[in-house]
Every structure is written in C-alpha cells, then in structure tokens.
Amino acid sequence: MAEEFGFEVRATLPNGVGRAGVVHTPHGDIATPAFVAVGTQATVKGVLPQTIADCGAQAVLANAYHLYLQPGPDVVDEAGGVGAFMNWPGPTFTDSGGFQVLSLGAGFKKVLAMDTEGLTCDDVIAEGKQRLARVDDDGVTFVSHLDGSKHRFTPEVSMGIQHQLGADVMFAFDECTTLMNTRPYQEASLKRTQAWAVRCLREHQALTTARADKPYQALFGVVQGAQYEDLRRKAARDLAGLEVEGRRFDGFGIGGALEKENLGTIVGWATDELPDDKPRHLLGISEPDDLFTAIENGADTFDCVKPSREARNARVYTLDGPFNIHNAAHKRDFRPIDAECDCQVCAHYTRAYLHHLFKAKELLFNTLATIHNERFILRLVDAIRASIADGSFDELRRDFLGRYYATRRLPRQPGEDRPGGGDKRAG
Ligand SMILES: [Zn+2]
C-alpha cells in the first residue's frame with residue numbers, strides 16, 4: 001500500500017517558527033495545530049466516538065502499554081487496528097508505552113507528574129516503594145499495574161505492538177526521565193533512548209515491509225534531554241539526521257520532563273534543530289497558556305488526559321477559568337457550564353443538573369463533563385489555528401489568557417502586551 005503520510009505548512013507566525021498546516025494520514029487529514037483526544041484504552045472514557053468527533057476532535061491517541069495488557073495487540077490487529085476496533089474512522093496515534101512502563105509500572109506516577117521539590121537523587125524514584133520497573137540498555141522490565149505479572153518492553157517489542165495496534169502515527173520507544181534525575185543519569189538515559197531510536201527505525205522498516213498490505217504507519221522519534229539545552233539540541237539533531245536502511249522518522253515527539261516555566265524554551269530548542277517539513281507532537285499538554293506557548297514555539301499537535309480526567313473529577317472549564325461543579329454553590333445554578341460554549345452539554349444542561357449527577361454518582365456525569373471539557377480545548381485550538389492564518393495570534397492569546405487567568409496570577413507571556421496597557425511600563 002502507498003505511503004500516504006505527509007505534512008504541509010500552510011501559514012506561519014511572524015516569528016517564523018509557529019505554524020499552521022496539515023498532517024496527511026491514510027485515515028484522513030489533521031489540520032494543525034491540533035489537540036489529539038486521549039483514548040487510552042481505545043475509548044475516550046464515557047464518550048461515543050461520533051460524539052468526540054462532533055466536539056471537533058480530528059484524531060485519537062491510544063496507549064500501547066494499556067492495550068498490550070488488555071485486550072492484547074493481536075486482538076486489536078485482528079479487528080483491523082485500533083481505529084476499526086473502537087469505531088473511530090479518522091486518524092489515530094499510539095504512544096510507545098515508554099512513559100507508562102516507567103510510571104504506572106514503577107508506581108512513581110506522582111514523581112513523573114513533576115512533584116519534584118527537594119528531590120535530587122536518581123534513586124529516590126523508588127524510595128519507600130518496591131521498584132517495579134527496571135531499565136537496562138536493552139529495554140525495560142516492569143510489573144503490570146493490573147495483576148502484578150512481569151513483562152518486558154524493548155524497542156522491537158514496542159514496534160511490534162504498535163504495528164499490531166495499527167495507528168497512523170506511532171512513537172519510538174524511549175526512556176522518560178524525571179526532573180530530579182541527575183545530569184549524568186540524563187546523559188546515560190539519552191544515549192539509551194537514541195540507541196533505541198535506531199532499533200525502532202530498523203524494526204519499523206522490517207514490519208512495514210512485512211505488513212505491506214496494511215495502511216502505512218508513520219513513526220515519530222522522541223526528543224528527550226530534560227531541561228538541558230545541549231542534550232535537547234543534540235537529541236533533536238541526531239534524530240532528525242537518523243537514517244536506518246533508507247528509512248527516516250516521519251515526524252518527531254517532544255517528551256519527558258518539562259517545567260512549565262521552561263516549556264517554550266525547551267520546545268524552541270527542539271524545533272530549532274528539527275526539519276520544518278515534518279510534524280512535531282508535544283506529549284502531554286493541554287493547559288491554555290501551555291498551548292499558546294508550545295504552538296508559538298513550533299509544536300503542531302498535542303495530547304493530554306487532563307480535559308477528560310479533570311472532567312470526571314468535576315473540574316470544568318470556562319472562558320473565565322475552570323471551576324468545580326461539585327461545589328454547593330451550583331446546587332441551584334441553572335446556567336450552563338459556560339454560556340459562551342457551543343457544545344451540546346451547554347446547549348441543553350445546567351450546572352445544577354451536572355452538580356446533581358456528580359453528587360448522585362451517575363455515569364452520565366462523566367459523559368457530559370467530558371464532552372464539555374474536550375470541546376473547550378478543541379475549540380481553543382481551532383481558534384489558535386485560525387489566528388495563525390489571519391494574523392491575530394497575539395491578540396487572541398492576550399484576550400483569551402487575560403480572561404481565563406484573570407482570577408489567578410496571569411502567567412508570564414514573554415513579549416506579550418498586557419491587556420489595557422500595551423506599552424511596557426517605565427520603571
Ligand atoms: Zn460546553
């Protein structure tokens with residue numbers, strides 16, 4: 001089957017880095033920048049695929065670790081791939097499982113979530129806990145979070161699983177480090193990840209040939225290197241130049257430990273080194289200020305569990321910032337979640353009803369809250385994409401973030417005019 005993957009840039013920001021474009025996949029196009037909805041277990045929890053499409057999602061990302069453990073990648077393969085299995089006809093992504101084997105598998109999820117204050121040593125990862133995942137130069141041995149059974153992922157295993165899952169975009173197997181890993185550990189880890197990238201490309205090439213009757217699956221190399229400029233730049237450069245048996249990466253992921261304050265800088269280092277004609281996916285972001293920052297610095301697609309996970313925890317988004325619907329103040333609040341939202345939930349349901357559903361532990365709560373939050377983020381990214389084309393990116397960012405964070409401290413936006421001000425204030 002023909003290789004139908006590609007990327008075109010359609011418009012760029014005045015900085016020459018941020019861009020809008022189109023990713024072409026065998027299952028359809030993705031207009032970028034794009035937020036990819038997360039369907040970890042081949043489902044966006046509680047929401048029908050058609051509904052998530054109606055929310056504006058163009059692609060869904062499932063997880064290799066979860067689908068490997070349950071139902072098994074062979075089952076998904078037999079179903080015709082993850083899209084066919086879950087009845088999602090559009091583009092799909094799978095992540096490599098690298099992050100999950102080292103977070104769920106090792107039980108230090110909280111640490112990977114950047115709860116790193118005061119932690120400096122590599123070994124502290126396992127402090128007070130049995131270490132459930134072990135990394136060596138060949139791969140990762142880990143224990144299933146479901147039943148305690150022992151498993152091993154290598155670059156070849158991850159590629160085999162992801163080919164069976166059949167997503168349009170796959171990611172190379174990488175080691176995801178944390179911010180508290182020391183510099184020597186980050187260096188050693190990066191060497192390992194880069195060696196794994198070579199093995200992933202080689203295995204990908206073999207599997208692409210062996211499964212030539214299947215739609216082409218693109219493979220993205222993942223740029224690690226934590227907060228170190230030299231490591232990030234080298235990682236990006238090496239991956240961009242890598243060619244194994246005539247095959248190169250189709251795009252790039254930017255992964256690993258990122259501090260919010262350095263997000264734009266780190267994405268900028270990577271995109272500076274990466275080719276302009278291939279798409280870049282930033283793993284795991286959805287905060288509005290992060291989206292603007294990442295897009296400005298050249299990221300094209302993103303995914304994050306946060307909009308749906310927070311929805312299930314009763315945290316819903318509005319143009320005036322997020323709030324908790326379980327708060328008693330909403331018991332008789334007959335307004336929609338966000339009067340300016342165009343989603344089906346805001347059209348037909350009230351805060352009081354959602355408050356009731358949450359208190360009553362009704363399953364419909366998860367569905368409604370998730371639809372709203374997903375639509376909120378998807379609509380924001382739609383607006384950002386349009387603003388790149390029509391030159392209003394800075395204005396949109398100022399207006400949107402100014403309002404969204406008005407009740408909190410406004411995040412620093414480098415080079416941005418403050419609302420109502422304009423000129424930098426003289427000291
Ligand atoms: Zn809504």
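Here is a walk through a predicted model, from its barrel to two of its helix regions.

Let's start with the barrel. Eight strands close up into a ring in the order β4-β5-β6-β10-β11-β12-β13-β14, and their pairing is parallel. Going from one strand to the next, the twist averages 30°. To see one of these pairings up close, look at β4, residues 34-38, beside β5, residues 60-63: the two strands run parallel and are joined over 2 bridges. Within that pair, Ala37 sits opposite Val60 of β5.

Now over to a pair of helices, α7 (residues 155-165) and α8 (residues 183-210). Packed helices are generally described by two things, the angle between their axes and the distance between those axes. For α7 and α8 the angle is about 40°, and the axes are 8 Å apart. Angles under 35 degrees would count as roughly parallel, so α7 and α8 are classed as oblique to each other. The crossing of α7 past α8 is right-handed. On the α7 side, the contact is made by Pro155, Glu156, Met159, Gly160 and His163, while α8 brings Trp196, Arg199, Cys200, Glu203, His204 and Leu207. Sort the residues of this contact by character and you get 5 nonpolar, 3 polar and 3 charged.

Last stop: helix α14, which spans residues 351-359. Its buried residues are Arg351, Tyr353, Leu354, His355, Leu357 and Phe358. Part of what covers them is α15, residues 363-390. After α14 comes Lys361, which has a positive phi, near 55°.

Note on methods:
Residues numbered from 1 in each chain as written. Predicted model: local features only at pLDDT ≥ 70, side-chain atom pairs only at ≥ 80, totals over all residues. Pairing = 2+ DSSP bridges. Helix = DSSP H or I, 4+ residues; strand = E, 2+ residues; numbered from the N terminus. Axes fitted to C-alpha atoms, helices over the stretch in contact; angles between N-to-C directions. Buried ≥ 20, exposed ≤ 12 C-beta atoms within 10 Å, placed from the backbone. Contact = placed C-beta atoms within 7 Å. Parallel < 35°, antiparallel > 145°, perpendicular 65-115°, else oblique. Left-handed = near helix turned anticlockwise from the far one by under 90°. Nonpolar A, V, L, I, M, F, W, Y, C, P; charged D, E, K, R; others polar.
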